[in-house]
Amino acid sequence: MTLDALDIRRDLDPSIQRTFEQSLIRNAPRLLHRLTEQCTLHSAEIELAQSLRLARNLERLACASAAPPQPASGTVYTFLPRNNLLYSIALYCLIPLSLGLPVQARTPAALSGLVTELWQLTGLDRFDSARLRDESQRDFTSRSSSEDVLIFTGRSENGRRVEAQTAHRAFIGFGSSLNPAIVMPGADLEKACDDLVFARLYNSGADCLAPDSIFVHASVYAEFHERLTARLTLLDVADRRSAGTIAHAPSPDMRTATQGREFLSRMTDRTTWSGPDFDAPDFVPTTVTTSDLDEATHVELFSPVFNIVTFSSWERLLATFGSEPYRGSEMYLSLYGEAGGPLPDAYRLCASSTPFHHEAALRPFGGYGADATWLTVDGTTTGRPVSVFHTLRSELCA
């Protein structure tokens, strides 16, 4: 079966969007309270606003559609991630439900109680076509058949393993990426610092859009580092529920905090600035580390760490992007200033901006890395940006 054969439009069911929207408005205080058990108030407020905007956009699309309703085919099985919980429910559950597709969603490990209440607060528990499952991955995936669609969000290697072990008609994979940023001579360093502080400290660094390595040309490193650390010094320290702006705040959970502290313990001799620290197991101090290309550590972090890598040769920088762990996981590339040569074409370029400026619910997400964002239909896999809405509506609905 080809994608062309699946190009049949499907109307939306406006009652689902309306119920979702009204539930978010009515339950906003409780939603924010529960979300801030796991994320900062600042990120929770953004999640709530994004989820409301998505529901309203879906309803407008439903009202504008003139196509007759089409019967649903298959079930969407989605693996909810461990962060951006409310927005993920909107993206990976509300969208397919709005298209008339039944949804089975698996709660992330150790967050069952929280996700179950969020599910109820969104009103999705009222619909027979929506099911939240608190069960093992094996039990969850054993339900899927060759008529179903699987949506996975998480580490690429885990997604590939799930894909290989399950029956499905289509697989949508949102994997992992380091989303590198580059700062070149001629860049607006003030804007670069402001953007990167937001991106790196959003929800205490626990977001997959955050740049994990910041490559700074040696000729502008000193000024960039001075501006960055001056900006970080001005930030307040807050707990999750009072962090209504970007601030030094606790990590979402103990596992994330432990990984962050372990990374910093290995980078002690490369630490060039460190913010306030507290004797609390879930707190990771905001930290700036500096390495050159020869000694750099490249790892996906969910902590408030600015992992700066200095360079002077564009050719050597490209060689870095052509090797592990960058090769195959290309998603977003932020560039401040003019490129010193050709850019890797598998990345989606964010000119003088970060991925946070480009991500939107109904737009394609990700890049062209085979293990970053990918779509498999009837055994054929393509690495490319994917929109859940447009993929389900225009490519996968039968």
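Biologist: Which helix gives the most to the lining of the largest pocket?
Modeller: In this predicted model, helix H4 gives the most to that lining, with four residues, and H4 itself runs over residues 85-98.

Biologist: And which other elements each supply at least two residues there?
Modeller: Besides H4, the elements that each supply at least two lining residues are helix H3 (41-64), strand S4 (149-153) and helix H10 (254-266).

Biologist: What volume does the largest pocket have, and which residues are closest to its centre?
Modeller: The largest pocket has a volume of about 1200 Å³, and of the 49 residues that line it, Pro81, Arg82, Asn83, Thr153 and Gly154 are the closest to its centre.

Biologist: How does that lining split by class?
Modeller: By class, the lining of the largest pocket holds 25 nonpolar residues, 15 polar ones and nine charged ones.

Biologist: OK, what about the second largest pocket?
Modeller: That one encloses about 220 Å³ of space, and its lining is made of 14 residues, with Glu157, Ser176, Glu300, Pro325 and Ser329 lying nearest the centre. Sorted by class, this second lining has three nonpolar, six polar and five charged residues.

Biologist: Changing topic, how many disulfides does the structure hold?
Modeller: The structure holds zero disulfides.

Biologist: Why is cysteine 39 not bonded to cysteine 208?
Modeller: The closest cysteine sulfur to that of cysteine 39 is in cysteine 208, but it is 14 Å away, so the two are too far apart for a bond. Cysteine 39 also counts as buried, because its relative accessibility is 2%.

Biologist: And cysteine 193, buried or exposed?
Modeller: Cysteine 193 counts as buried, at 3% relative accessibility, and its sulfur is 17 Å from the closest cysteine sulfur, in cysteine 350, which is too far for a bond.

Terms used. Residues are numbered from 1 along each chain as its sequence is written. This is a predicted model: local features need pLDDT of at least 70, side-chain atom pairs count only at pLDDT 80 or more; totals for chains, interfaces and linings use all residues. Side-chain values use heavy atoms; hydrogens and water are left out. On a 1 Å grid over the protein atoms alone, a cavity is a set of points where a 1.4 Å probe fits but cannot get out, and a pocket is an open set with protein on both sides within 12 Å along at least five of seven lines; lining residues have an atom within 4 Å of a point. Grid points are joined across faces, edges and corners, and a volume is the space filled by probe spheres set on the points. Ala, Val, Leu, Ile, Met, Phe, Trp, Tyr, Cys and Pro count as nonpolar, Asp, Glu, Lys and Arg as charged, and the others, Gly among them, as polar. A disulfide is a pair of cysteine sulfur atoms within 2.5 Å. Buried means under 20% relative accessible area, exposed over 50%, partly exposed in between (1.4 Å probe, protein chains only).
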